[in-house]
Amino acid sequence: MSPRSASVNEELRRRSRERLLQAAVELVGERGFEATTLGDIADRAGSARGLVSYYFPGKRQLVQSAVHRLMHCTLQEALEREPCTDDGRERLARAVDAILGLARDRPVLMRQHMAGLLHAEGFVQCPEQRRLAELLSDTVARYGAQNVSADYPMLRSLLMGAVYSALVPGVPMPVPVLRAELFQRYGLGWEMGVPPEGQPDGKAGDEDLSRFFATEERPSSP
């Protein structure tokens with residue numbers, strides 16, 4: 001039997017990594033961070049347990065990468081949904097609603113993510129985080145920011161603060177109130193994005209995450 005080509009090996013590695021990311025999001029969302037082990041994640045992904053350390057230094061890095069992937073894909077889906085628009089204000093409204101929607105629909109997962117950011121290891125720089133940052137930076141630029149390098153970190157901080165406020169045990173702030181505050185700050189109309197009373201059918205609490213993790217085989221180029 002001839003050895004697999006480099007491209008085939010690369011495709012197998014990509015799909016294996018994607019399965020681990022998806023499994024991490026699913027399990028932490030179901031059980032929480034502490035109750036989820038790397039062995040659990042490997043088993044859910046159908047991967048060898050030793051393979052996890054090949055891609056990620058540890059559980060916290062894996063989970064942060066997985067949540068950043070979910071955030072990036074959720075944001076991208078919101079920005080690209082019909083009707084498509086190049087209006088910078090509408091795109092920013094969709095971005096705010098997409099991130100706040102994750103706090104509303106996946107509170108366990110997002111609470112664990114926010115707690116992980118405060119851990120000594122801090123913010124994990126990974127491909128998923130970079131893609132999320134690029135998409136948010138582009139959103140800020142299209143909104144019309146004069147200084148994207150300063151305005152993007154401010155938007156990121158405001159969104160993180162809003163997510164944290166929505167998830168504080170015992171004293172959570174209602175998502176519509178946080179949304180209204182952010183919309184007022186950026187001069188966005190309440191009807192923009194996805195107003196709370198106008199949530200798309202089948203989106204809230206949707207547990208099917210497979211569309212965000214490309215675990216299938218990609219078609220070969222002609």
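These legends describe several close-up views of one predicted protein model.

Residues are numbered from 1 along each chain as its sequence is written. The model is predicted, so local features need pLDDT of at least 70, side-chain atom pairs count only at pLDDT 80 or more, totals for chains, interfaces and linings use all residues, and side-chain values use heavy atoms, with hydrogens and water left out.

**View 1. The whole protein has nine helices and zero strands.** Helices (H or I, at least four residues) and strands (E, at least two) are DSSP runs, numbered from the N terminus. From that end, the elements run α-α-α-α-α-α-α-α-α. The protein has 222 residues, and 46% of them are buried. Buried means under 20% relative accessible area, exposed means over 50%, and partly exposed lies in between (1.4 Å probe, protein chains only). The accessible surface comes to about 11700 Å², with 53% of it belonging to carbon and sulfur atoms. Such areas come from the Shrake-Rupley method with a 1.4 Å probe; for residues, only the protein chains shown count as cover. A contact means heavy atoms within 4.5 Å. Among contacts with a separation of 6 or more, 70% join residues 24 or more positions apart.

**View 2. Two stretches have a pLDDT below 50.** The pLDDT is the predictor's confidence in each residue, from 0 to 100. The protein averages 88, and 88% of the residues score at least 70. Over residues 201–205 the pLDDT is below 50, and this stretch has five contacts beyond near neighbours in sequence. Residues 218–222 also have a pLDDT below 50, with two contacts beyond near neighbours in sequence. Where pLDDT is low, the predicted coordinates should not be read in detail.

**View 3. The largest cavity holds about 200 Å³ of space.** On a 1 Å grid over the protein atoms alone, a cavity is a set of points where a 1.4 Å probe fits but cannot get out; lining residues have an atom within 4 Å of a point. Grid points are joined across faces, edges and corners, and a volume is the space filled by probe spheres set on the points. By this rule there are two cavities of 30 Å³ or more. The largest cavity has 17 lining residues. Met 71, Leu 132, Leu 136, Arg 156 and Met 160 lie nearest its centre. Helices H4 (59–80), H6 (107–117), H7 (127–143) and H8 (148–167) each supply at least two residues of this lining. H8 gives the largest share, five residues. The lining divides into 13 nonpolar, three polar and one charged. Here Ala, Val, Leu, Ile, Met, Phe, Trp, Tyr, Cys and Pro count as nonpolar, Asp, Glu, Lys and Arg as charged, and the others, Gly among them, as polar.

**View 4. The second largest cavity has a volume of about 40 Å³.** Its lining is Phe 33, Arg 60, Val 63, Gln 64, Gln 112, His 113 and Gly 116. H4 and H6 each supply at least two of these residues. The lining divides into two nonpolar, four polar and one charged. One of the lining residues, Gln 64, lies in helix H4. Gln 64 is buried, because its relative accessible area is 2%. Leaving aside neighbours within four places in sequence, Gln 64 contacts His 113, Gly 116, Leu 117, Gly 122, Phe 123 and Val 124.

**View 5. Ser 65 is a buried residue in helix H4.** Its relative accessible area is 2%. Ser 65 touches Leu 21, Phe 56, Val 124, Cys 126 and Glu 128, not counting residues up to four places away in sequence. Ser 65 and Leu 21 are 44 residues apart along the chain, yet their C-alpha atoms are separated by 7.3 Å.

**View 6. A cis peptide bond joins Glu 82 and Pro 83.** Its omega is about -5 degrees. Pro 83 sits in the loop between H4 and helix H5 (88–105). Most peptide bonds are trans.

**View 7. Tyr 186 and Glu 197 both lie in the segment after helix H9.** Helix H9 spans 175–185. Tyr 186 counts as buried, because its relative accessibility is 13%. Not counting residues up to four places away in sequence, Tyr 186 touches Leu 92, Tyr 143, Met 154, Leu 155 and Leu 158. From Tyr 186 to Leu 155 is 31 residues in sequence and 9.8 Å in space, C-alpha to C-alpha. Glu 197 is exposed, because its relative accessible area is 64%. Glu 197 and Pro 176 are 21 residues apart in sequence and 9.7 Å apart in space, C-alpha to C-alpha.

Terms used. 1 Å grid on protein atoms, 1.4 Å probe; cavity = no way out; pocket = protein on both sides within 12 Å on 5 of 7 lines; lining within 4 Å.
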